[in-house]
Amino acid sequence: MDIKTYAGIPEEFAKLENAKIVLIPVPYDGTSTWQKGADKGPKAFLEASENMELYDIETGSEVYKQGVYLTDAVTENTSPESMVDAVHEVTKKYIKKNKFVTIFGGEHSISIGTIRAFNEMFPNLTVLHIDAHADLRKSYEGSSCNHACAVYEASQNTNLIQVGIRSIDIKEKSVMNLDKTYFAHDMAIDDSWMDSAIDQMTDNVFITFDLDAFDPSILPSTGTPEPGGLLWYETIDFLKQVFAKKNVIGFDIVELCPNEIDKSSDFLAAKLYYKMLSYKFQNETIEDEFDSTFNDKPKTNNFSKFNEDVDY
Ligand SMILES: [Mn+2]
């Protein structure tokens with residue numbers, strides 16, 4: 001990947017020492033069953049992010065100034081199990097450095113590793129799982145680290161809440177906690193699911209966001225699109241409330257499967273990521289010293305959006 005900093009932000013904001021946020025790309029697509037290509041997700045997401053405005057109108061903030069450190073991609077792929085171990089290790093390493101850790105996939109199996117790390121590091125963890133699919137199989141095609149098993153482990157040892165579900169195998173129903181499952185067909189006609197889901201959360205919340213939760217009309221570029229999904233404003237309204245009311249301790253976004261024709265999905269993923277960071281950090285002020293570093297230095301980067309010297 002020839003991308004040096006997240007969203008092309010100046011290096012002052014991209015150094016690990018200064019960054020409050022860490023972004024781990026995991027371009028893994030080892031077990032997907034239909035359309036391949038989730039391994040291209042992080043690159044497409046990062047390219048779209050470079051072309052995105054970095055001022056968030058709604059929160060009135062520029063969250064990148066909190067610092068975003070982009071790690072090397074996790075490329076271990078000799079087996080699903082070794083990939084999960086590698087993701088688990090890297091995620092835990094950055095949680096231990098007191099960073100707000102975010103992960104971009106890759107297919108959903110990567111979340112077995114991310115959730116395991118957060119569950120080891122934070123007590124009473126809620127996993128908010130936003131997805132078209134339940135992903136509750138104990139094992140699939142000979143592995144418990146298949147994408148169809150992404151939250152089975154979480155169902156056993158965290159407070160798992162599933163939102164947007166509209167495609168399951170009948171066997172998954174025996175694992176599913178129906179009180180904490182919000183099916184898309186119910187959500188479509190009654191928005192009380194938002195309050196109900198938030199009421200069921202403990203304080204520490206990790207969000208695992210499979211992009212196929214969105215309706216394919218707004219996000220077609222995903223491996224297993226399902227009709228009847230979430231739209232943009234209801235999704236970010238829900239997320240805004242979760243970030244406001246709970247201690248969101250990290251999140252992952254998975255299953256972007258880019259193609260040459262549709263770029264809007266890449267942009268949606270980029271915007272979703274930035275929106276979630278904006279909600280997380282909207283009340284945190286940026287340290288003066290840090291801010292002036294940026295203002296005093298000559299602008300030496302080559303990214304056009306930072307080179308505009310126009311005074312408004
Ligand atoms: Mn899914």
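This is a short tour of a predicted model, stop by stop, with something to select at each one.

**The whole chain**

Start with everything shown as a cartoon. The chain carries 9 helices and 8 strands. Of its 312 residues, 49% count as buried. If you look at contacts between residues at least 6 apart in sequence, 76% of them join residues at least 24 apart.

**The sheet**

Next, hide the helices and keep the strands. You should see an open sheet of 8 strands in the order E2-E1-E3-E8-E7-E4-E5-E6, with parallel pairing. Strand E2 (68–70) and strand E6 (181–183) stand at the edges; each has a single partner strand, so one side of each is left without a neighbour in the sheet. Turn the view to look across the strands: the twist averages 15° from one strand to the next.

**Strands E4, E5 and E6**

Select residues 126–130, which form strand E4. How many of its residues are buried? The count is 5 of 5, so E4 is largely enclosed by the rest of the structure. In a regular strand, side chains alternate between the two faces of the sheet. Show the side chains here and you can sort them by side: Thr126, Leu128 and Ile130 are on one, Val127 and His129 are on the other, and all are buried.

Now add residues 159–165, strand E5. E4 and E5 run parallel and are joined by 5 bridges. To follow one of the connections, pick Ile130, whose bridge partner in E5 is Val163. From Val163 you can step onward to E6, where its bridge partner is Tyr182. E5 and E6 also pair in the parallel sense, over 3 bridges.

**Helix H8 on the sheet**

Bring back residues 264–281 to see helix H8 packing on the sheet. H8 touches strand E1 (21–26), strand E3 (100–105) and strand E8 (247–254). Compare directions with E8: that of H8 makes about 175° with it.

**Helix H1**

Keep H8 on screen and select residues 41–50, helix H1. This helix is mostly covered, with 7 of its 10 residues buried. Which residues of H1 are buried? They are Gly41, Pro42, Ala44, Phe45, Leu46, Ala48 and Ser49. The elements covering these buried residues include E1, E3 and H8.

**Helices H2 and H3**

Show residues 80–96 (H2) together with residues 110–121 (H3). Their axes come within 7 Å and cross at roughly 40°. That angle makes H2 oblique to H3. The crossing is right-handed.

To view the contact itself, display these two sets of side chains:

- From H2: Met83, Val84, Asp85, Val87, His88, Thr91, Lys92 and Ile95.
- From H3: Ile110, Ile112, Gly113, Thr114, Arg116, Ala117, Phe118, Glu120 and Met121.

Colour them by character and the contact divides into 9 nonpolar, 4 polar and 4 charged residues.

Stay in H2 and centre on Val90. Is Val90 buried or exposed? Val90 counts as buried because it has 23 C-beta neighbours inside 10 Å, where the cut-off for burial is 20 or more. Leaving aside residues up to four places away in sequence, Val90 touches Ile24, Thr71 and Val74. Try a distance label between Val90 and Ile24: their C-alpha atoms are separated by 8.3 Å, although the two are 66 residues apart along the chain.

**Backbone details**

The last stops are about the backbone. Most residues other than glycine have a negative phi, and most peptide bonds are trans. Here are some places to check against that.

Zoom in on the peptide bond from Gly105 to Gly106, which is cis, with omega near 15°. Gly106 lies in the loop between E3 and H3.

Then go to Ala7, in the segment before E1. Its phi is near 55°, a positive value in a residue other than glycine. Ala7 is buried, with 25 other C-beta atoms within 10 Å.

Finish at Asn98, in the loop between H2 and E3. Asn98 also has a positive phi, near 60°. Here the surroundings are sparser in number: Asn98 has 8 other C-beta atoms within 10 Å and is exposed.

Methods:
Residues numbered from 1 in each chain as written. Predicted model: local features only at pLDDT ≥ 70, side-chain atom pairs only at ≥ 80, totals over all residues. Axes fitted to C-alpha atoms, helices over the stretch in contact; angles between N-to-C directions. Helix = DSSP H or I, 4+ residues; strand = E, 2+ residues; numbered from the N terminus. Parallel < 35°, antiparallel > 145°, perpendicular 65-115°, else oblique. Left-handed = near helix turned anticlockwise from the far one by under 90°. Contact = placed C-beta atoms within 7 Å. Nonpolar A, V, L, I, M, F, W, Y, C, P; charged D, E, K, R; others polar. Buried ≥ 20, exposed ≤ 12 C-beta atoms within 10 Å, placed from the backbone. Pairing = 2+ DSSP bridges.
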